[in-house]
Amino acid sequence: MKSLSSGWINGFIGVVIFAGSLPATRVAVMDFSPTFLTAARAAIAGLLGLALVLLSRQKLPQKKDWLSLFYVAIGVVIGFPLFTALALQYVSAAHTIVFVGLLPLATAIFGVLRGGERPNLVFWLFAILGGALVFGFMLIQTGTWSFNYGDLFMLLAILLCGFGYAEGGQLSKHLGGWQVICWALILTLPIMLLVSYLYMPVSFDQISISAKLGLAYVSLFSMLIGFFFWYKGLAQGGIATVGQLQLLQPIFGLIIAAVLLHEQVSIAMFAVTVAVIACVACAKKFA
């Protein structure tokens, strides 16, 4: 029981950290190319991860773990950052947050496929209801629906992210949460350093302070620190169940955007937040 509670606490901290990812990416991609942003955030986080592994004298992962680490890297180090950065060239940050409401379902499905978890029917009903609430509310907030390249990129990003979350959560059970993301980053570090160099802006003098801060946030928090808590939470509390905390991420993302843009949080947003929290609580209870 203590482990389950710790899993939900760690998962919640991870979700709060991840909530700033899309707004920060939106700011950064205004001055950086999607390719450079994807590579640079992974390279910076990878260098920090390498330092952590060396300073703590971690042993190399077992041979059987490297394929799973490769899957984690494809999902959360390369796939999600790249496709969200590409999507944000076509749509607003608020529009991309719509798709985050589908991430808990994607994570739960891959938790079943990759982790062998078997949540019951009631869990799935609340998981689908929570996703529908967030998705429907976000569509109302962002206006009429029109499918474009940005939407396609976000769908790919969500699928890859859910896969990477489930794979990393399963691997964290014996490798450790922060170790998983560090080794996944180290695995891609050589190519990310090379791509960062090739696509580096000619001069950083023309890059705005806000874009640099956006890069710093997604590198340090979204790509590294957030996963310390998130993967540990998934390993402790279960991939499918703790993954439902992601239903709160779009709401947190809107609040962050509202604070940055000085927008008012509506009564409807508050009502949906309460309803989503209830869905998360019920999914936790019946998992």
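Let me start with Ile17, which, once its neighbours within four places in sequence are set aside, is in contact with Tyr217, Phe221, Ile225, Gly226 and Phe229. Please keep in mind throughout that what we have here is a predicted model. Ile17 belongs to helix H1, and Ile17 counts as buried because its relative accessible area is 12%, where the cut-off for buried is under 20%. One of those contacts deserves a second look, since Ile17 and Phe229 are separated by 212 residues in sequence, while their C-alpha atoms are 9.3 Å apart in space.

Let me stay with helix H1, which covers residues 2-18, and turn to aromatic rings. How many aromatic pairs does the structure hold? There are 19 of them. In one of these, Phe18 and Trp230 are arranged edge-to-face, with 6.3 Å from centre to centre and 75° between the planes. This pair links distant parts of the chain, because Phe18 sits in helix H1 and Trp230 sits in helix H10 (residues 209-237), 212 residues apart. Both partners, Phe18 and Trp230, are buried. They also belong to one aromatic cluster, whose members are Phe18, Tyr165, Phe227, Trp230 and Tyr231.

Tyr165, which I have just named in that cluster, brings us to the nonpolar core. Which residues touch the most other members of the largest nonpolar core? They are Val77, Tyr165 and Tyr231, in a core of 56 residues. Helix H8, residues 149-175, gives this core its largest share, namely 10 residues. If we leave out residues up to four places away in sequence, Tyr165 touches Phe18, Val76, Leu103, Thr107, Phe227, Trp230, Tyr231, Leu234 and Gln246. There is also a second, separate core of 14 residues, and among its members are Phe32, Leu37, Ala211 and Leu215. As background for those of you who are new to this, nonpolar side chains tend to be buried together in soluble globular proteins.

Burial is not limited to those residues, however, and two threonines show this. Thr84, found in helix H4 (residues 65-87), counts as buried because its relative accessibility is 1%. Beyond the residues up to four places away in sequence, Thr84 touches Leu22, Met154 and Ala157. The other threonine, Thr188, lies in helix H9, and is buried because its relative accessible area is 7%. With the same kind of sequence neighbours set aside, Thr188 touches Ala73, Val77 and Ile78, and Val77 is one of the core residues I mentioned a moment ago.

Leu22, which Thr84 touches, leads on to a short word about helix H2. Helix H2, residues 21-28, is mostly covered, with 6 of its 8 residues buried. Those buried residues are Ser21, Leu22, Pro23, Ala24, Thr25 and Ala28.

Let us now move to the outside. Is Tyr197, in helix H9 (residues 177-198), buried or exposed? Tyr197 is exposed, because its relative accessible area is 62% and the cut-off for exposed is over 50%. Tyr197 contributes to a nonpolar surface patch of about 660 Å², together with Leu194, Leu198, Tyr199, Met200 and Phe204.

Another exposed residue is Arg57, which lies in the loop between helix H3 (34-55) and H4. Arg57 counts as exposed because its relative accessibility is 75%. Its backbone is worth pointing out as well, since the phi angle of Arg57 is near 55°, a positive value in a residue other than glycine.

Finally, let me step back to the whole chain. What does the secondary structure come to? It comes to 13 helices and 0 strands, so that, read from the N terminus on, each element in the run is an α element. Of the 287 residues in the protein chain, 52% are buried. The accessible surface comes to about 13100 Å², and 71% of that surface belongs to carbon and sulfur atoms. As for contacts with a separation of 6 or more, 90% of them are accounted for by residues 24 or more positions apart. The contact of Ile17 with Phe229, with which I began, joins residues 212 apart in sequence, and that is where I will stop.

Technical notes. Residues are numbered from 1 along each chain as its sequence is written. This is a predicted model: local features need pLDDT of at least 70, side-chain atom pairs count only at pLDDT 80 or more; totals for chains, interfaces and linings use all residues. Side-chain values use heavy atoms; hydrogens and water are left out. Helices (H or I, at least four residues) and strands (E, at least two) are DSSP runs, numbered from the N terminus. Buried means under 20% relative accessible area, exposed over 50%, partly exposed in between (1.4 Å probe, protein chains only). Contact means heavy atoms within 4.5 Å. Patches are made of residues with over 30% relative accessible area and no salt bridge: like charges are joined within 9 Å, nonpolar side chains (Val, Leu, Ile, Met, Phe, Trp, Tyr) within 5 Å. Accessible areas come from the Shrake-Rupley method with a 1.4 Å probe; for residues, only the protein chains shown count as cover. A salt bridge is a side-chain nitrogen of Lys or Arg within 4 Å of a carboxyl oxygen of Asp or Glu. Rings of Phe, Tyr and Trp (its six-membered ring) pair if their centres lie within 6.5 Å; planes under 30 degrees apart count as stacked, over 60 as edge-to-face and the rest as tilted. A nonpolar core is a set of buried Ala, Val, Leu, Ile, Met, Phe, Trp, Tyr and Cys residues joined through side-chain atoms within 4.5 Å.
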